[in-house]
There are 2 protein chains.
Amino acid sequence: MKSSGAAEPISVVGHTAIDHICRVSNFPERHTSVPTIDHQIFFGGGAANIAAGIATLGEPCTLVSAVGSDFPGSAYERRMEEIGIVRQFFYVDDRPTATAFMFNDEGGDQITFFDWGASRVFETAEAPALDFVHMATADPSFNVRVAEKSDFASFDPGQDISKYSKEQFETILDNITVLFANRHEAAQMAGTLGISVHDLAARVEIAVFTMDAEGCMLCIRGERQTVPAVRVKAADPTGAGDAFRAGFLTAYRRGYAPLRCCTIGTVTASFAVEEMGCQTNLPTWQRMAQRHEQHFGRLG
Amino acid sequence: MKSSGAAEPISVVGHTAIDHICRVSNFPERHTSVPTIDHQIFFGGGAANIAAGIATLGEPCTLVSAVGSDFPGSAYERRMEEIGIVRQFFYVDDRPTATAFMFNDEGGDQITFFDWGASRVFETAEAPALDFVHMATADPSFNVRVAEKSDFASFDPGQDISKYSKEQFETILDNITVLFANRHEAAQMAGTLGISVHDLAARVEIAVFTMDAEGCMLCIRGERQTVPAVRVKAADPTGAGDAFRAGFLTAYRRGYAPLRCCTIGTVTASFAVEEMGCQTNLPTWQRMAQRHEQHFGRLG
């Protein structure tokens, strides 16, 4: 494994955000108001979630992100400090930190409104050259520039998938080793590229497609293997994908084979969904390893 | 006019809230995310908006409301202090101040999610006995208890209209002098009561039905008069109704006849809609009087 034992931290590029997660009985009709049954505020943002997952698993991690004037001195900053995330931040004075407003109805549907806030700075920011980097959902042009300068890179298109052009996806695929996507993202990405999902998987060395309750599919140069999900009492599916990627990347960085990286990612995600919020219940390596042993065997 | 020259302030009962107002190109489909084009945070809450309007017009005003642990020391508290709103508050430690998340699309449609937060305390709180009170949208049972104890009372059902039972509306109508409603609210209220809008108007001494660009209709013991709207360049219709009520009630308290109260309410509302946010552009009595002279004649 080319990166095993390297001293450089894993860098994660993308959003730091504040998540407002609200439960409602149903979404409002136009020109009406619905009361929230529950409203909680959580630490979020795809890149920050992954960085928190990696840091909690015990791997050095640098978060390359953007925050607003509300961030310095905040509880979120203190939390990053506590878990040891190195912050390589763009500080934006005249915008708030990116904010997600997520509404879940009783039928299990979710809608999200996302204020990019400080993350808009990515569009024009200079991309750093990074040794081992994961590009989480954020500005396509910034991610393209990061991909071109990186040594090892992985990528997930996430919520910003529709902002990417065919050309941007092509450049990123040419520069990454690992592609992560859920089944909707894989289909949409393949659609933008005008190819099949099968051909999309074959475009990269390693493709990992997560499939909710059905687990995940690992494609190595197009050859498929599946890993079942770990069944837990799920309180909130938000953040499962980010925790999966944190587990996968930490394991990959530590030299585990891709299939083992998938089982470690699956177990890491199983913790994240047990509590509301994306960063509320991330496991240490030891907690992850104990559950891993129950479901997929002892980690060597 | 019975209340002219009285020393007691106007009391306003109901929500103090934080308004997140976001612009989006379109509302998200289920399981998708849309970026906000604009996200601004404003001081809001129906009762607090009305109190701010009254205080800015220069009439003594007490706001009977509920706030959360985030309120003391906040910019919103400082602003209330500055404009001279007397605060008769329930302080709730374990909830945030009520929060509205409003989303406007490019077609001019709006949806709102409302977190009651600290306002939930109204349900069980003891109602004060008040001399001259407006009951803005909030908990029906609290408003019923306030109405029963009040001397002069006015009421608007607002966004919480569907929480009221027929019996609660009956009790409130039996105890108020002025009813305010927009046309949707009037229709819904009449529906709950099983009567026509015409009969609803006849149930109270004074009914004022606001009709957006068509102005407002004043019904005194069922007899109708209309007041045209003042045309301005509207940036945000939110808060127009609250500003109207602030103008009407201030004028009523100062002894103006109901039709004059309507023109003063109309002019006050015309300022509120010129800027984003409900409390951003409330007029002093002098500014209101100048515009009033242009449209409806000099105020005596």
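**Exercise 1. Describe the span of residues 10-284 of chain A in this predicted model: how far apart are its end C-alpha atoms, and what are its helix and strand contents?**

Solution.
Step 1. The C-alpha atoms at the two ends of residues 10-284 of chain A are 17 Å apart.
Step 2. Helix makes up 32% of the span and strand 28%.
Step 3. For residues 10-284 of chain A, an unreviewed UniProt entry records the feature "domain: Carbohydrate kinase PfkB".

**Exercise 2. Determine whether H1(A) is enclosed or open, and compare its reach with the expected value.**

Solution.
Step 1. H1(A) consists of twelve residues, and its first and last C-alpha atoms are 17 Å apart. This is close to the 16 Å expected at 1.5 Å a residue.
Step 2. A residue counts as buried when its relative accessible area is under 20%. The buried residues of H1(A) include A:Gly46, A:Asn49, A:Ile54 and A:Leu57.
Step 3. Twelve of the twelve residues of H1(A) are buried, so the helix is largely enclosed by the rest of the structure.
Step 4. After H1(A) comes A:Gly58, which has a positive phi near 100°.

**Exercise 3. Identify which residues touch the most other members of the largest nonpolar core, and which helix gives the most to it.**

Solution.
Step 1. The largest nonpolar core has 51 residues, and A:Val208 and A:Phe248 touch the most other members.
Step 2. Helix H1 of chain A, residues 46-57, gives the most to this core, namely eight residues.
Step 3. Leaving aside residues up to four places away in sequence, A:Val208 touches, among others, A:Val178, A:Phe180, A:Leu218, A:Phe244 and A:Phe248.
Step 4. A separate second core contains 50 residues, among them B:Ile50, B:Val67, B:Ala136 and B:Met288.

**Exercise 4. Locate A:Asn281 and state which polar contact its side chain makes with another side chain.**

Solution.
Step 1. A:Asn281 lies in the loop of chain A between helix H8 (258-272) and helix H9 (285-296).
Step 2. Its relative accessibility is 13%, and A:Asn281 therefore counts as buried.
Step 3. The side chains of A:Asn281 and A:Glu274 form a polar contact at 3.2 Å. A polar atom of the A:Asn281 side chain also lies 2.9 Å from the backbone oxygen of A:Phe271.

**Exercise 5. Deduce what kind of axis relates chain B to chain A.**

Solution.
Step 1. A turn of 180° with a shift of 0.0 Å along the axis lays chain B on chain A, with an RMSD of 0.0 Å.
Step 2. This is the relation of a two-fold axis.
Step 3. Among the residues of chain B, B:Phe101 comes closest to the rotation axis, its C-alpha being at 4.2 Å.
Step 4. Both copies use the same surface, as 100% of the contact residues of chain B recur in chain A.

Key
Residues numbered from 1 in each chain as written. Chains lettered and ligands numbered in written order. Predicted model: local features only at pLDDT ≥ 70, side-chain atom pairs only at ≥ 80, totals over all residues. Heavy atoms only, no water. Helix = DSSP H or I, 4+ residues; strand = E, 2+ residues; numbered from the N terminus. Buried < 20%, exposed > 50% of the residue type's maximum accessible area, 1.4 Å probe, protein only. Polar contact = N/O pair within 3.5 Å; in protein donor to acceptor, adjacent residues only side chain to side chain. Core = buried A, V, L, I, M, F, W, Y, C linked by side-chain atoms within 4.5 Å. Contact = heavy atoms within 4.5 Å. UniProt positions renumbered as here; feature names shortened; annotations may be inferred. Expected span 1.5 Å × (residues − 1). Least-squares fit on C-alpha atoms with pLDDT ≥ 70 in both.
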